[in-house]
Amino acid sequence: MAFDVPPGYRALKEADIPAYLAGIPTVAARLGGRAAEWKIREVGDGNLNFIFVAEGPTGGIVLKQALPYLRLVGESWPLPLRRAFFEHQALVTQARVVPQHVPEVFHFDDTLALTVMAYLSPHIILRKGLIRGIVYPRLADHMATFMAETLFSTSDLGQPAAAKKKQMAVFCDNIELCRITEDLVFTDPWRVADGNRWTSPQLDATAVAVRTDGPWKRAAQEFKLKFLGEAQALIHGDLHSGSIMVTADETRAIDPEFAFYGPIGFDVGALIGNLYLAYFSQSGHEATPGDRDGYRNWILQTIEAVWTLFDQRFRALWTKAHAGDTFMPALFAAGPEQAAFTSAQEAYMRRLFVDSLGFGGCKMTRRILGLAHVEDMESIADPDRRAACETRALRLARALMVDGAGFTDIKAVNDTARAVQREPAKVPA
Ligand code: SR1
Ligand code: MG
């Protein structure tokens, strides 16, 4: 089905960009000089949109425009332009609580489905840094803050019910992008589907085994039910390591076009699952075995810190006076009532933990057996080595999805990841 393109929409070419930007005084001032001097280049390597960078004598900007179809596949896969609206709404909402962790937005054009925002330089995409083996000392701290603040403030703990319902009404129309996740993350890896692909022939038998693994398939459907039914908070919706831009000192989450009111664990799990993908891919990037041992450890420390700090900060926000209509700390008197409050928090955070592991496992599986893969694995040229990395990642993914409730804490998950990494990754013949 094709989606409506509003009158006035046109896909901009590089040559159109200077004149367009010159019409936005704040942006023109930021770039400086004359439009004819601005250097424009298209840099998009994502699956969905066009991304242009414009640089002038005094500054740079990014212009992101949605196309009425999926860039990864082409015009045969129509996609609504309205995703640009949801992305803009999400960026504005996130900026209210963590302006330091999102790109600043300068301009939004609903008709052209485009957003003009800060050009993040010298930032790079986190996934690329993880492939190169770069340590980001502040990543866990920053991402824990980003997630705790954005997810808490948009939940029923952090905002009044009426405000949440109004926002939900806006975001619940992001139907088609949610549908991509519903199919690609929770269903397609467990069925024969157009576009599914894997390292072949090395993982042919694995793909069949996954499709016929009842408990694993059941877990995927249970997480899909949560994704469809649990409107806990405004989630980023696609918080993988390709949606995070980093330097040693700064971290910013980009691309929230999949945003909607969904389960909090989907965001936390996306980040953790992608960090585990990076972890298992490291042996494919080593020049000699063991080269990346230190880096592997840093990834696991980062995963532990992400969960631990997220958990602490989310609880801290909950415990201080907050705007939500539920579990106001003042409702609970000292003594036994406090104990009831604390135990409710404990149960809530435990559910979030198990959800995050399960969603993380879904995200790992889809990146190995589904349509859209990750550069961490794809850049491993030798298919035997790649398949060995992917096999280990799938083993952890299954454990996270099927046995997530059995992990006492994040250290126990990391212990399992280390054990899986030590196992010979024999690929079924
Ligand atoms: C069909 S689009 C493939 C993927 O790219 C995005 O980053 C989302 O993760 C989506 O599932
Ligand atoms: Mg994206």
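These are my notebook entries on the ligand site and a few unusual backbone spots in this structure.

**Entry 1: what I'm looking at**
I kept in mind that this is a predicted model.

**Entry 2: around the ligand**
I started with ligand 1 and asked which residues surround it. I found N47, L48, L70, I180, L184, D238, H240, F258, R366, R367, L371 and A372. Then I sorted this shell by type and got 7 nonpolar, 2 polar and 3 charged residues. I also looked up which helices take part: α7 (175-186) and α12 (336-369) each give the shell at least two residues.

**Entry 3: polar partners**
Next I went through side chains with a polar atom by an oxygen atom of ligand 1. For N47 the distance is 2.6 Å. For R367 I read 3.2 Å, and for H240 I read 3.4 Å. I then checked how covered the ligand is: on its own, ligand 1 exposes 310 Å², and the protein buries 95% of that.

**Entry 4: which domains?**
Why does ligand 1 lie between two domains? Domain 1 (14-118) and domain 2 (124-422) both contribute residues to the shell, so the ligand sits between them.

**Entry 5: cis peptide bonds**
I moved on to the backbone. Most peptide bonds are trans, so I noted down the cis ones I came across. The bond from S121 to P122 is cis, with omega near 15 degrees. I placed P122 in the loop between β7 (114-118) and β8 (124-125). The bond from S200 to P201 is also cis, and here omega is near 10 degrees. P201 is in the loop that runs between α7 and α8 (204-211). I'd already met α7 as one of the helices supplying the ligand shell.

**Entry 6: positive phi**
Most residues other than glycine have a negative phi, so I wrote down positive values too. D255 isn't a glycine, yet its phi is positive, at about 60 degrees. D255 belongs to the loop between β11 (251-253) and β12 (260-262). Is D255 buried or exposed? I'd call D255 partly exposed, because its relative accessible area is 22%, and buried would mean under 20%.

F327 isn't a glycine either, and its phi is positive, near 50 degrees. I found F327 in the loop between α11 (293-319) and α12. F327 counts as partly exposed, because its relative accessibility is 33%. I'd seen α12 before as well, since that helix supplies at least two residues of the shell around ligand 1.

Terms used:
Residues numbered from 1 in each chain as written. Chains lettered and ligands numbered in written order. Predicted model: local features only at pLDDT ≥ 70, side-chain atom pairs only at ≥ 80, totals over all residues. Heavy atoms only, no water. Near = heavy atom within 4 Å. Polar contact = N/O pair within 3.5 Å; in protein donor to acceptor, adjacent residues only side chain to side chain. Areas by Shrake-Rupley, 256 points an atom, 1.4 Å probe, with all protein chains shown as cover. Helix = DSSP H or I, 4+ residues; strand = E, 2+ residues; numbered from the N terminus. Nonpolar A, V, L, I, M, F, W, Y, C, P; charged D, E, K, R; others polar. Domains from an automatic or database assignment. Buried < 20%, exposed > 50% of the residue type's maximum accessible area, 1.4 Å probe, protein only.
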